[in-house]
Amino acid sequence: MTGAMKSLVLACMGALLCGAALAQDFPKRAVTIVVPFAAGGGGDILARMAAPRLEAKWGVPVVVENKPGAGGNIGAAAVARAAPDGYTLLLAGSPQFAVNVTLFKSLPYDPVNDFTPLAMAAATPFVLVVNPKVPAKTVAEFIAYAKAQQQPLNYATAGFGVPHHLYMELLKSMTGVNMTPVPYRGSAPALSDVVAGHIPAMFVDLGPGLGQMQAGAVRSLGGSLAKRLEALPDVPAINDTLPGFDVASWQMYAAPAGTPRDIIAKLNADLCDVLDQLQMKQQVSKAGMLPLDAGAVEDLQAFVKTEIKRWGDVVRKAGIEGSQ
């Protein structure tokens with residue numbers, strides 16, 4: 001072996017040992033999980049479920065920071081620009097990592113190249129709800145009611161391109177109903193205006209909406225999955241009225257691209273361990289979400305690319321490509 005080759009081998013070994021030591025010592029200070037929506041939404045609830053468990057595992061504070069706005073792009077862009085050291089993470093949803101690629105003319109980040117996926121957090125089914133003063137008691141009656149209005153019916157959404165928006169656009173495309181989105185900065189404030197009667201309808205995720213549904217503050221017309229939701233067994237699936245309507249959002253932890261591989265491996269392992277805990281899964285289910293296999297980093301990278309194509313097709317079919 002030549003002297004140059006020996007030096008190269010020693011340098012590589014030193015880098016590996018340094019990376020392993022870096023991961024072993026990680027984290028030494030507070031870790032921030034950025035949620036790109038307002039407090040009270042499904043992603044926020046998921047992050048706040050995981051935070052104390054991660055604190056117990058790491059022995060450092062885990063801070064959940066809400067950065068809402070622009071369909072989640074503000075929060076996602078902030079993490080994309082953050083130092084790639086594992087101390088700033090993103091809990092991204094399908095809007096930030098899939099939908100917005102086609103919905104927006106341009107993004108301040110690239111979901112494939114600016115992030116490394118860490119673990120799948122959960123899937124989130126949605127429910128079509130209306131204010132109790134709306135006369136519709138079924139999905140079919142709601143469609144008829146919306147079509148009978150002289151002006152397009154308003155509906156609340158937690159922003160453009162988020163599931164609340166796209167699921168109603170999908171319903172519109174499948175029924176010919178004309179409705180107008182009214183964007184808010186998160187699920188919770190949007191739902192508050194539906195409860196108050198300022199807005200007649202919306203698709204809401206179960207995390208912030210389940211309590212209001214069970215209390216009768218809003219009327220639940222149909223779930224977004226092809227089958228009934230366990231949390232709302234008396235609410236039929238929209239698919240029963242509109243065959244083929246079967247959608248759910250998902251949330252995924254991610255780190256800025258360039259984060260050292262050993263830290264990525266540790267984050268993936270620790271998040272998988274926390275998310276796989278029985279009590280965590282039970283808590284996620286109780287909040288109206290679906291626990292998922294956290295997954296391997298490589299599988300999640302491939303999944304994101306597949307979802308970009310899938311939701312790009314939905315956005316184009318809805319006629320809102322590049323509308324934001």
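Start with the lining of the largest cavity, which by class has 11 nonpolar, 11 polar and 2 charged residues, where Ala, Val, Leu, Ile, Met, Phe, Trp, Tyr, Cys and Pro count as nonpolar, Asp, Glu, Lys and Arg as charged, and the others, Gly among them, as polar. Here a cavity is a set of points, on a 1 Å grid over the protein atoms alone, where a 1.4 Å probe fits but cannot get out, and lining residues have an atom within 4 Å of a point. The model is predicted, so that local features need pLDDT of at least 70 and side-chain atom pairs count only at pLDDT 80 or more, while totals for chains, interfaces and linings use all residues. Residues are numbered from 1 along each chain as its sequence is written, and side-chain values use heavy atoms, with hydrogens and water left out.

Select Phe-37, Gly-42, Gly-43, Asp-205 and Gln-251, which among the 24 lining residues lie nearest the centre of the largest cavity. The volume of this cavity is about 220 Å³, a volume being the space filled by probe spheres set on the points, with grid points joined across faces, edges and corners. Next, colour α2 (42-58), β3 (88-93), α4 (94-103), α6 (163-175) and β10 (249-256), each of which supplies at least two residues of that lining; helices (H or I, at least four residues) and strands (E, at least two) are DSSP runs, numbered from the N terminus.

In total the structure holds 3 cavities of 30 Å³ or more. For the second largest, with about 40 Å³ of space, select Ala-121, Leu-275, Met-280, Lys-281, Val-284, Pro-291 and Leu-292, which line it. Helix α10 (residues 278-286) gives the largest share of this lining, 3 residues, and by class the lining has 6 nonpolar, no polar and 1 charged residues.

Turn now to the largest pocket, a pocket being an open set of points with protein on both sides within 12 Å along at least five of seven lines. The largest pocket has a volume of about 250 Å³ and is lined by 14 residues, of which Leu-229, Glu-230, Ala-231, Met-289 and Leu-290 lie nearest its centre. Its lining divides into 9 nonpolar, 2 polar and 3 charged residues.

For the interior, select Phe-97, Phe-142, Met-179, Phe-203 and Phe-245, the residues with the most contacts inside the largest nonpolar core, which has 48 residues. A nonpolar core is a set of buried Ala, Val, Leu, Ile, Met, Phe, Trp, Tyr and Cys residues joined through side-chain atoms within 4.5 Å, and buried means under 20% relative accessible area, exposed over 50%, and partly exposed in between (1.4 Å probe, protein chains only). Apart from this core lies another, of 35 residues, among them Ala-50, Val-62, Leu-89 and Ala-121. Centre the view on Phe-142 and, leaving aside its neighbours within four places in sequence, show its contacts (heavy atoms within 4.5 Å) with Leu-128, Val-130, Ala-136, Leu-153, Met-179, Ala-201 and Leu-221.

Helix α9 (residues 261-275) is the next selection: its 15 residues, at 1.5 Å a residue, should span 21 Å, and its end C-alpha atoms are 21 Å apart, which agrees; the expected span is 1.5 Å times one less than the number of residues. Within α9, Ile-263, Ile-264, Leu-267, Asn-268, Asp-270, Leu-271, Val-274 and Leu-275 are buried.

Several loops are worth a stop. Tyr-184 sits between β7 (179-183) and α7 (187-196), and counts as buried because its relative accessibility is 18%. Not counting residues up to four places away in sequence, Tyr-184 touches Ala-156, Thr-157, Ala-158, Gly-159, Pro-189, Ala-190, Asp-193 and Ile-199.

In the loop between α1 (3-25) and β1 (31-35), find Pro-27, which is joined to Phe-26 by a cis peptide bond with omega of about -5°. Ala-39, in the loop between β1 and α2, is partly exposed at 47% relative accessibility, and beyond four places in sequence it touches Asp-44, Asn-66 and Ala-188. Ala-70, in the loop between β2 (62-66) and α3 (73-81), has a positive phi of about 55° although it is not a glycine, and with a relative accessible area of 42% Ala-70 is partly exposed.

Finish at Lys-309 in helix α11 (residues 297-317), which counts as exposed because its relative accessibility is 55%. Add Val-99 to the selection: the C-alpha atoms of Lys-309 and Val-99, 210 residues apart along the chain, are separated by 8.8 Å.
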